[in-house]
Amino acid sequence: MPRIEVGSLRQFVTAIFEKHGAPRDSAECVSDHLVRSDRAGHPSHGVIRLQQYIDEIQEGRLVPTARPEIARQTAVSALIDGQHGFGQVTATYALDVGLRIAREQGLGAVATTRSHHIGRVGEFPERAAERGLIAMVWVNGMRLPGAVAPYGGRTGRHGTNPIAMAAPRGPDQPPVVADFATSIVAEGKLRVARNRGQELRSHLIMDRDGQPSTDPQDFYDGGCLRTIGEHKGYCLSFMCDVLAGALTGSLTPCFPDYSGSNSLMMILLDPDCFRSTDDFQKDVDHLCDIVKSTPTEDGFEEVFVPGELEHRRLAIHTDAVPLDEPTWQTLRKIAVEHALSLPQIVE
């Protein structure tokens, strides 16, 4: 895999979006998010998405010039209309509004509608936790038709419907961050496997006939994913559609009049509502220490707390990030089409 210099990769992605009409701040917001996802070890939500975003701009499904705005607001809540713009821009704006509300009221709920692909969801509650707040996020939708079968079904009805939560720790400690799709894997993981010519583990997906498959292409040819944890993951996925779909008015992929939106519901909470933030963070640190001290079972070298692996990868990939060969070749094609120089390869 080629290793690409992080700064030049950000500049390249930013320049691509600017060429498609995005304002500089929006282009930088999305670029930073995609590259950070690659740095965190989640290429499924990284620059592999660049061609997808370009295609959807050209098809009119993504409006690069759009600015999110508040559509409805109370003292403790806000609904953000993304105007079909970049999901990362909409989610960032929603987070800023939610942080302000939670600081003033102790807690706040913000939701989004008419938003494009949000990207790696865990980044948004993590930012809240870095500012001392607890955050919980439920996301639904995006892909048409539904990508995930309900438990016991063989046809897609739901999105991959991720859930993410984060909590602050003590000084000089990164937040605890849980971020996972309620499908057994995120759709982007299938995209990466297809790029790399890899077979999937059994029972992750079904083909268009409802039969188990290990070929990621079968998903894109009309198949569907299963939910994580069988009926338990299905229930979590269903509630994502309730909170981020029905409650926001964005609906869900199985509705006939669904127009496609990667919508979210985010709840932010100041620990001071219940006890001193310092005492809370000390107990979170103590919990992490106890969990980290757990003896490992065979085949494991270490127990990780949620989000720890991503923080380690970010520390490793500060200057350069690996990209698989198909993604790099796509960037080469995009560079030619947009008359731009490629980002720098690090030897």
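A residue counts as buried when its relative accessible area is under 20%, and as exposed when that value is over 50%. With that in hand, here are some close-up views of this predicted model.

**View 1. Serine 263, a buried residue in strand β11.**
Let's start with a serine in strand β11, which covers residues 263-269. The relative accessible area of serine 263 is 0%, which is under the 20% limit, so this residue counts as buried. Its side chain has two polar partners to look for. One is the side chain of serine 250, in polar contact with the side chain of serine 263 at 2.6 Å. The other is the backbone oxygen of threonine 112, which the serine 263 side chain reaches at 3.3 Å. Setting aside residues up to four places away in sequence, serine 263 also touches a wider set of neighbours, among them Arg114, Ile118, Trp138, Asn140 and Ala244.

**View 2. The open sheet of seven strands.**
Step back from serine 263 and follow the strands in order: β2-β3-β4-β11-β5-β6-β7, with mixed pairing. Strands β2 (69-73) and β7 (176-180) stand at the edges; each has a single partner strand, so one side of each is left without a neighbour in the sheet. From one strand to the next, the twist averages 15 degrees. As a reminder, strands of a sheet pair through backbone hydrogen bonds, either parallel or antiparallel.

**View 3. Strands β3 and β4, a parallel pair.**
Here, strand β3 (residues 77-85) runs parallel to strand β4 (residues 107-115), and six bridges join the two. To find your place, look for glycine 85, whose bridge partner in β4 is serine 115. Helix α4 (residues 87-105) lies across β2, β3, β4 and β11, and runs at about 160 degrees to β4. Helix α5 (residues 123-130) also packs on the sheet, where it touches β5, β6, β7 and β11; the direction of α5 makes about 15 degrees with that of β6.

**View 4. Strand β5 and the strands it pairs with.**
How many of the seven residues of β5 are buried? Six of them are, which leaves this strand mostly covered. β5 pairs with β11 in the antiparallel sense over seven bridges, and alanine 135 has leucine 268 as its bridge partner in β11. The pairing of β5 with β6 is antiparallel too, over four bridges. In that pair, valine 137 stands opposite alanine 164 in β6.

**View 5. Threonine 90 in helix α4.**
Is threonine 90 buried or exposed? Its relative accessibility is 1%, so threonine 90 counts as buried. Leaving aside neighbours within four places in sequence, this helix residue is in contact with Pro68, Ile80, Gly82, Gly85, Thr112 and Ser115. You may recognise two of these names: Gly85 and Ser115 are the bridge partners from View 3.

**View 6. Leucine 247, an exposed loop residue.**
Now for a contrasting case. Leucine 247 is found in the loop between α8 (231-246) and β11. With a relative accessibility of 58%, which is over the 50% limit, leucine 247 counts as exposed. Apart from neighbours within four places in sequence, its contacts are Val242 and Met265. For a sense of scale, leucine 247 and alanine 102 are 145 residues apart in sequence and 20 Å apart in space, taken C-alpha to C-alpha.

**View 7. The nonpolar cores.**
The largest nonpolar core has 27 residues, and those with the most contacts inside it are Leu9, Phe12, Val13, Phe17, Leu50 and Phe86. Helices α1 (6-19), α2 (24-39), α3 (50-58) and α11 (325-337) each supply at least two residues of this core, and α1 gives the most, with six. Take a closer look at phenylalanine 17: not counting residues up to four places away in sequence, it touches Ala22, Ala27, Val30, Leu34, Leu50, Tyr53, Ile57 and Phe86. A second, separate core has 22 residues, including Ala78, Leu99, Ile118 and Val139. Of these, Ile118 and Val139 are also among the residues that serine 263 touches.

**View 8. Domain 1 and domain 2.**
Finally, look at how the protein chain is divided: domain 1 takes in 3-184 + 226-277 + 308-338, and domain 2 takes in 185-225. The C-alpha centres of the two domains lie 22 Å apart. Where they meet, 24 residues of domain 1 are in contact with 19 residues of domain 2.

Notes: Residues numbered from 1 in each chain as written. Predicted model: local features only at pLDDT ≥ 70, side-chain atom pairs only at ≥ 80, totals over all residues. Heavy atoms only, no water. Buried < 20%, exposed > 50% of the residue type's maximum accessible area, 1.4 Å probe, protein only. Polar contact = N/O pair within 3.5 Å; in protein donor to acceptor, adjacent residues only side chain to side chain. Contact = heavy atoms within 4.5 Å. Pairing = 2+ DSSP bridges. Axes fitted to C-alpha atoms, helices over the stretch in contact; angles between N-to-C directions. Core = buried A, V, L, I, M, F, W, Y, C linked by side-chain atoms within 4.5 Å. Domains from an automatic or database assignment.
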